[in-house]
Amino acid sequence: MAQEGGNDSLKSPYEEALDVLSSLITGRTRADSSNMGDRFNVLFEYLKMLDLEEPISNMKIIHVAGTKGKGSTCTFTESILRNCGFRTGLFTSPHLIDVRERFRLDGAEICEEKFLAYFWWCYDRLKEKTDENVPMPTYFRFLALLAFKIFAAEQVDVAIMEVGLGGKYDATNVVQKPIVCGITSLGYDHMEILGNTLGEIAGEKAGIFKDRVPAFTVPQPDEAMHVLEEKASQLDVPLQVAQPLDAKLLNGLRLGLEGEHQYLNAGLAVLLCSTWLKRTGHLEDSYLEHTQHSLPEQFVKGLTTANLQGRAQIVPDQHINIESQNELLFFLDGAHSPESLEACARWFSFAVKEDNLDHTLFHRKPDNSKFSNELVSFRDGERAKRQSAQILLFNCLSVRDPQLLLPRLMQTCADNGVFFKKALFVPSLSVYYKVGSHSLAPTESNVDLSWQFTLQKVWENLMQVNKGSDDKSAYAVSDELKEDMELSTSNCEHSAVFPSLPLAIKWLRDRVQQNQSVRFQVLVTGSLHLVGDVLKLIKK
């Protein structure tokens, strides 16, 4: 198992496994064409090699596809069923900090010891049995196979599988008989792979429908809904539309995941769970019966305690002395489509105002990542008098269209009275062809920033247009943000490009230290990879 090489003796067994996993990454971008019909049937060969056919056929699976809200819907679903007393397995993507986040058992990421045991069990068998005709599986396919192995060996009662990309040709779609399927909100994403129209995208997602297996979706644009209904009728799939959850059903509590759009995902999760309970013979438990006017206590607990890193998450910078009056607060959301960026902007605008009024936000909903609630040591009176400055920290994949993303984000914030004082554009820190914290990005001197300059140009143009139509003072750049710009590669009036994320964070920390009277509220969005990279840098 150990790989030969000069520095390998210095690596932990876990890092060694991550290096081997990295060797399975073929394309330099996540959405490359090998994710599609590229010999989809070879996946069934892998299942045979790993003796997974029977275990998967016996698994009680909930399968979820969609453009937006897949991860949130799966997280709510897992939390509800765990609170109902079931042993849960949850497979999601991507990970933010550690690949083990993709595999959750009873709500917790798999431990290193178990991960290593299952990783090598699968890897060694596949290495031994694959050949030129059936080569080693690519990265995501291997992770999906590993998830099935983990959930089978750990004997979970329910496996919740989130589709990676599309549906029809996704590695998770080897599932032949799920208990129930879900399709979350559809929108334009990965069009270079999934098609250019909502109809084509819906057709790919509907590829997870199975003969006579019930499916649920949320209200969709007509073009998408027609395709879903057509595919459902071809397979005798009873397809129903879930309505947003009525907030009154939560008995005065709030959803564990922030943002108005989460009521839609929660409504879908409730139907997926109740259908799973019915179809697996558990709904005779009288406490699980629910009506339009009430939810079982276990459902309420599941919905209000659900937790998902990198979605509407608020985290103070851990490297700034909490006892001092300095404040640097990160608002993290991995939104990367026009619709999800609009939802993110609404959440950010609301959260910023709430934070500026008081800090009940942190008393009420401490982030489960163990440190957000440390912010409560700030003194209320002094906080209330302080100025605040909103800053955008942004990157997105070059396959996305910033002309669709940035205007939605800026306009929604402006409509809610929030104006960014500066936008910072940075390249990704994590290297997409390497897994693990020890993988380093290219050095700052040789990094290609042409994409970040493109984003900056779009932003500056938008600012000029908006300054012409809105109150000019709202867009004025404060003096404290004009200092020390030599760290940046390209500084314009309203934005800057930094050659690396650590330099952008350093610049923000310096601003905080030098401007004791200002609270800096930084929205990090556009890419889940960026959110993960920021979390790595601000966590102690």
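Helix 17 passes helix 18 in a right-handed crossing, in what is a predicted model. Helix 17 covers residues 501–514 and helix 18 covers residues 528–538, and their axes come within 11 Å and cross at roughly 55°. That angle falls neither under 35 degrees nor in the 65 to 115 range, so the two helices count as oblique to each other. Who does the touching? On the helix 17 side, the contact is made by Leu501, Pro502, Ile505 and Arg509, and these meet Leu530, Asp533, Val534, Leu537 and Ile538 of helix 18. Sorted by class, that gives 7 nonpolar and 2 charged residues, with no polar ones.

Now for the sheet. Here 8 strands line up in the order 4-3-2-5-1-6-7-8, making an open sheet with mixed pairing. Why do strand 4 and strand 8 each have one side without a neighbour in the sheet? Strand 4 (108–109) and strand 8 (239–241) stand at the edges, so each has just a single partner strand. Helix 9, residues 222–234, packs on this sheet, where it touches strand 6 (180–183), strand 7 (215–217) and strand 8. The direction of helix 9 makes about 150° with that of strand 8.

Elsewhere in the sheet, take strand 2 (residues 88–91) and strand 5 (residues 158–162): they run parallel and are joined by 4 bridges. If you want a spot to zoom in on, Leu90 stands opposite Ile160 in strand 5.

One more helix to look at is helix 8, residues 198–205, which is mostly covered, with 7 of its 8 residues buried. The buried ones are Leu198, Gly199, Ile201, Ala202 and Gly203, along with the charged pair Glu204 and Lys205.

Terms used
Residues are numbered from 1 along each chain as its sequence is written. This is a predicted model: local features need pLDDT of at least 70, side-chain atom pairs count only at pLDDT 80 or more; totals for chains, interfaces and linings use all residues. Side-chain values use heavy atoms; hydrogens and water are left out. Two strands pair if DSSP finds at least two bridges between them. Contact means heavy atoms within 4.5 Å. Axes are lines fitted to C-alpha atoms, for helices over the stretch in contact, and angles run from 0 to 180 degrees between N-to-C directions. Buried means under 20% relative accessible area, exposed over 50%, partly exposed in between (1.4 Å probe, protein chains only). Angles under 35 degrees count as roughly parallel, over 145 as roughly antiparallel, 65 to 115 as roughly perpendicular and the rest as oblique. A crossing is left-handed if the near helix is turned anticlockwise from the far one by less than a right angle, and right-handed if clockwise.
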